[in-house]
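Biologist: I'm new to reading protein models, and I'd like a close look at a single part of this one. Could you pick a strand and walk me through what surrounds it?

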Amino acid sequence: MSLLLLAVGLTLLGCPQALHWGPQDPNFNETLVSGEWFLAGMASNQPKLLKEDKDAGLLVHRIQVTPRALQLHLHKKVNGACVPITMMANKTKRKFQYRLEDADQNRLFLEKVDPKSYVILCNHREKREKEVVVVNLLSRTREASPDALLLFTNYCRSHGIHPTNIIKVTATDACPRLPQPRTSAQLATDHCPRA
């Protein structure tokens with residue numbers, strides 16, 4: 001019996017999903033991650049892909065939670081210009097796990113979360129028959145707190161990513177924010193003379 005338990009345990013350890021538990025509170029409300037975010041850190045088990053791979057260069061700036069998916073509003077740098085992109089990550093049967101629409105083997109895990117401060121997202125996908133792991137730290141502010149950066153570094157280490165493969169993203173690396181749509185009331189006050 002103990003040999004069977006050992007075999008099951010080793011199998012689970014080899015499975016990428018075994019490393020992902022999601023937020024500590026199993027009753028965590030995913031809608032709390034909705035809103036504006038800044039990309040504060042990136043890491044990968046294949047760091048050269050962060051520079052070369054077109055998918056790793058996506059900069060999350062907003063998350064919208066729907067009943068069936070996470071809608072990721074991103075920017076991608078193309079020839080120095082920021083191009084807006086929207087990706088859907090559909091919920092799976094497993095809590096806090098999503099499947100990106102662009103590929104069958106592209107899984108996104110909602111990991112550590114403090115909805116007022118940071119979110120850690122972990123993406124697993126197959127590339128050239130290798131498991132590629134990309135981890136993102138999102139922050140509600142332009143600069144992540146030292147505690148969030150330390151948590152991110154420790155999370156990456158626990159997933160086999162060496163600290164030298166972690167990139168801290170600065171405000172100059174990211175795409176500038178686009179102006180938010182203005183309401184009709186705001187537009188009306190813009191045209192009224194001030195006393």
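Modeller: Here's a walk around one strand, S2, with a few stops elsewhere in the chain. Keep in mind that this is a predicted model.

Let's get our bearings. The protein has 4 helices and 10 strands, and along the sequence they come in the order α-β-β-α-β-β-β-β-β-β-β-α-β-α. Of its 195 residues, 38% are buried. Take the contacts between residues at least 6 apart in sequence: 51% of those join residues at least 24 apart.

Now for S2, which covers residues 38–44. Is this strand enclosed or out in the open? Well, 7 of its 7 residues are buried, so S2 is largely enclosed by the rest of the structure. To count as buried, a residue needs a relative accessible area under 20%.

Which strands pair with S2? One is S9, residues 130–139, which pairs with S2 in the antiparallel sense over 6 bridges. To find a spot where they meet, look for Met 42, which stands opposite Asn 136 in S9. Another partner is S10, residues 166–168, which also runs antiparallel to S2 and is joined to it by 3 bridges. Here the spot to look for is Ala 43, standing opposite Ile 166 in S10. As a bit of background, side chains in a regular strand alternate between the two faces of the sheet.

Just before S2 in the numbering you'll find Trp 37, and there's a neat detail here: the charged end of Arg 140 sits over the Trp 37 ring, 3.8 Å from its centre.

Next, the aromatic rings. The model has 1 aromatic pair. It's made by Phe 28 and Phe 96, whose ring centres are 6.3 Å apart with planes at 55°, so the pair counts as tilted. These two sit 68 residues apart, with Phe 28 in the loop between helix H1 and strand S1, and Phe 96 in the loop between strands S5 and S6. Both are buried: Phe 28 has a relative accessible area of 12%, and Phe 96 has 5%.

Last stop, the cysteines. How many disulfides are there? The count is 0. The sulfur nearest to that of Cys 122 belongs to Cys 156, 8.0 Å away, while a disulfide needs the two sulfur atoms within 2.5 Å. Cys 122 is buried, with a relative accessible area of 0%, and Cys 156 is buried at 0% too.

Methods: Residues are numbered from 1 along each chain as its sequence is written. This is a predicted model: local features need pLDDT of at least 70, side-chain atom pairs count only at pLDDT 80 or more; totals for chains, interfaces and linings use all residues. Side-chain values use heavy atoms; hydrogens and water are left out. Buried means under 20% relative accessible area, exposed over 50%, partly exposed in between (1.4 Å probe, protein chains only). Contact means heavy atoms within 4.5 Å. Two strands pair if DSSP finds at least two bridges between them. Rings of Phe, Tyr and Trp (its six-membered ring) pair if their centres lie within 6.5 Å; planes under 30 degrees apart count as stacked, over 60 as edge-to-face and the rest as tilted. A charge sits over a ring if NZ of Lys or CZ of Arg is within 6 Å of the ring centre and within 35 degrees of the ring normal.
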